[in-house]
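User: Hi! I'm new to this one, so could you walk me through it?
Analyst: Happy to. Let's bring it up on screen.

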Amino acid sequence: MVASAFTSSAVTRVAKVARVASSCATCVLPLARIATVVIGGVVAVGAVPMVLTAMGFTATGIASSSIAAKMMSAAAIANGGGVAPGSLVATLQSLGATGLSGLTKFILGSTGSAIAAGIARFY
């Protein structure tokens with residue numbers, strides 16, 4: 001229910017932006033380019049949790065025989081038997097266990113939108 005409400009409000013906002021952009025006679029961004037930028041942000045925010053889970057950083061801990069387990073092993077060997085707080089492995093496991101914060105989602109969405117805008121510029 002919450003996801004559909006979020007999606008509905010996001011679609012409504014995109015439609016408003018698209019309507020304003022399409023009614024503007026001097027606008028330089030076509031509707032397809034605006035949609036590409038918005039989709040780039042949404043995909044970036046949605047893909048990160050899936051990638052973390054696929055790597056083995058799960059809500060219940062690091063999955064055995066996964067890329068995350070190999071990363072944790074290498075980090076532990078490098079640190080003399082433990083994974084240092086604030087290290088890449090610790091940060092990724094924290095994200096995998098607790099999910100993304102609002103600020104992290106904003107940064108990922110902005111980065112995804114910027115990358116999509118850069119790619120869309122060539123088409």
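User: What should I look at to begin with?
Analyst: Let's take Q93. Leaving aside its neighbours within four places in sequence, Q93 is in contact with F57, T58, G61 and I62. Contact here means heavy atoms within 4.5 Å.

User: What kind of model is this?
Analyst: This is a predicted model, where local features need pLDDT of at least 70, side-chain atom pairs count only at pLDDT 80 or more, and totals for chains, interfaces and linings use all residues. Residues are numbered from 1 along each chain as its sequence is written, and side-chain values use heavy atoms, with hydrogens and water left out.

User: Back to Q93, where is it found, and is it buried or exposed?
Analyst: Q93 is found in helix α4, residues 88-98. Q93 is buried, because its relative accessible area is 16% and buried means under 20%, exposed over 50%, and partly exposed in between, with a 1.4 Å probe and protein chains only.

User: How many helices and strands does the chain have?
Analyst: There are five helices and two strands in the protein chain. From the N terminus on, the order is α-α-β-β-α-α-α. Both kinds are DSSP runs numbered from the N terminus: helices are H or I with at least four residues, strands are E with at least two.

User: Which residues make up the largest nonpolar core?
Analyst: That core has six residues: L52, F57, A68, A75, V89 and L92. The elements giving two or more residues to it are α3 and α4. A nonpolar core is a set of buried Ala, Val, Leu, Ile, Met, Phe, Trp, Tyr and Cys residues joined through side-chain atoms within 4.5 Å.

User: And what does L92 touch?
Analyst: Not counting residues up to four places away in sequence, L92 touches L52, F57 and M71.

User: How much of the chain is buried?
Analyst: Of the 123 residues in the protein chain, 21% count as buried. The chain exposes about 8,200 Å², with carbon and sulfur atoms supplying 73% of it; such areas come from the Shrake-Rupley method with a 1.4 Å probe, and for residues only the protein chains shown count as cover.

User: Switching to helix α5, what does S113 contact there?
Analyst: S113 lies in helix α5. Leaving aside neighbours within four places in sequence, S113 is in contact with V37, G40 and G41. S113 counts as buried, at 18% relative accessibility.

User: And T111, is it buried or partly exposed?
Analyst: T111 is partly exposed, with a relative accessible area of 41%. T111 is found in helix α5, residues 102-120. The C-alpha atoms of T111 and V45 are separated by 9.5 Å, with the two 66 residues apart along the chain.

User: Does UniProt come in anywhere? Which residues carry the feature "transmembrane region"?
Analyst: An unreviewed UniProt entry places that feature at residues 34-63. UniProt positions are given in the numbering used here, feature names are shortened, and annotations may be inferred rather than shown by experiment. In the model, the end C-alpha atoms of residues 34-63 lie 39 Å apart, and the span is 73% helix and 13% strand.

User: One last thing: what is the phi of S65?
Analyst: Phi of S65 is near 60 degrees, a positive value in a residue other than glycine. Most residues other than glycine have a negative phi. S65 is found in the loop between β2 (61-62) and α3 (67-78), and S65 is exposed, with a relative accessible area of 72%.
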